[in-house]
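User: Please take a close look at one part of this structure and describe it in connected prose.

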Amino acid sequence: MSIMSNAKRALAIAAASATLFSMAACGSSNAAGSKSDSSSAASSGKIEVVASINQWGSVAKDLGGSNVEVTNIMAKTNVEAHDYEPTSQDVAKFGTAKVAVVNGADYDPWATKAAQSTKATLVTAAETAGIKEGGNPHVWFSAKVRSNTADAITAAYQKADPSHKDDYAKFNKDWHAKEDQLESKIKDTSSKTENLPYAATESVAWYLADDLKMTDATPKGYAQASANESEPTPADIKDFQDTLKAGSIKMLVFNSQEANSTTDQITGAAKDANVPIVELTEQMPKQYTNLLDWMSALVDQFAAAVK
């Protein structure tokens, strides 16, 4: 997987910390603005929710309905969260939130840092399934993480707004019914994809492929370079190309948010070898309004790519 350098990650966290410090030490003009925003949210009677990325924000919205006001920090596919540098306005949004939803697993450390410095109830998706820093952070592709995170968000809502506890229980039940439909689709599709060897330019959709019972056949050298946050060597790239040409890989998964000269060589080799390519992004594309619809569409893409 492609993750931003430790130096850049540290700068993002430092920026979040600095902004929070300045907010705490700011003069009366900024403080007045924050109180105004908080008063507006309070007068609406809604829970103010901030999500670091739009896919988790969509889940937060589905689970809260009209009782919540959800703000997504990242909502575009042209920049991934690994490389995102938060603005002071982004960080400030966590200051008045009652519930904060972040991804975790070192995917959005700036958001985790910002949320931990507030009174918001923090829901960290990766932690709901015991996935820690160093693990594959693209956890929204996992059925287990989606389900666990939904329950954690519901619990946070019921804590913040106990008078609507039954509403949140119903929203949770309705959401799980849709997730169950998605998991049924995944199970049905796995009858076609089970043990199918695939390779990936990054391990973005590893959890979904694992739920589909597929076999990760990404050449070892390339996979290790990606996991170690380093560039693959020319030999690694050639090995990947040769493996595609040999026909042992039956599907290529390509993250278009991280397209570069290296992935151009890999996808080019796949096209030459008539290996089907499943193209996806890390952030939820704008044509989808919720995470489950996006995942369902991706399952369809995997199914369609099976020869």
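The request continues with one strand and the sheet around it.
What is the strand order of the open sheet that contains β7, and are the residues on the two faces of β7 buried or exposed?

Analyst: The structure is a predicted model, in which local features need pLDDT of at least 70 and side-chain atom pairs count only at pLDDT 80 or more, while totals for chains, interfaces and linings use all residues. Residues are numbered from 1 along each chain as its sequence is written, and side-chain values use heavy atoms, with hydrogens and water left out.

The chain has 12 helices and 8 strands (DSSP runs numbered from the N terminus: helices are H or I of at least four residues, strands E of at least two). The sheet in question is open, with 4 strands in the order β6-β5-β7-β8 and parallel pairing (two strands pair if DSSP finds at least two bridges between them). Its edges are β6 (215-216) and β8; each has a single partner strand, so one side of each has no neighbour in the sheet.

On one side, β7 (residues 251-255) pairs with β8 (residues 277-280) in the parallel sense over 4 bridges. Within this pairing, L252 has I277 of β8 as its bridge partner. From β7 the chain reaches β8 by way of helix α11 (residues 261-272), a β-α-β crossover that is right-handed (with the strands pointing away from the viewer, the path from the first strand over the helix to the second runs clockwise).

β7 also pairs in the parallel sense with β5 (residues 197-200), here over 3 bridges. Y198 stands opposite M251 in β7, and A200 stands opposite V253. The helix of the crossover, α11, packs on the sheet and touches β7 and β8 (contact means heavy atoms within 4.5 Å). The direction of α11 makes about 150 degrees with that of β7 (axes are lines fitted to C-alpha atoms, for helices over the stretch in contact; angles run from 0 to 180 degrees between N-to-C directions).

As for cover, 5 of the 5 residues of β7 are buried (under 20% relative accessible area; exposed is over 50% and partly exposed lies in between, with a 1.4 Å probe and protein chains only). M251, V253 and N255 are buried on one face of β7, and L252 and F254 on the other, so that both faces are covered. For the chain as a whole, 50% of the 307 residues count as buried.

The chain has another sheet to set beside this one. It is an open sheet of 4 strands in the order β2-β1-β3-β4, with parallel pairing. Here β2 (68-74) and β4 (121-124) are the edge strands, each pairing on one side only. Neighbouring strands in that sheet are turned against each other by 20 degrees on average, direction ignored. β1 (residues 47-53) and β2 run parallel and are joined by 6 bridges; V49 stands opposite V70 in β2.

Helix α5 (residues 109-116) lies across β1, β2, β3 (99-102) and β4, running at about 160 degrees to β3. Because 6 of its 8 residues are buried, α5 is largely enclosed by the rest of the structure. The buried residues of α5 are P109, W110, A111, T112, A114 and A115.
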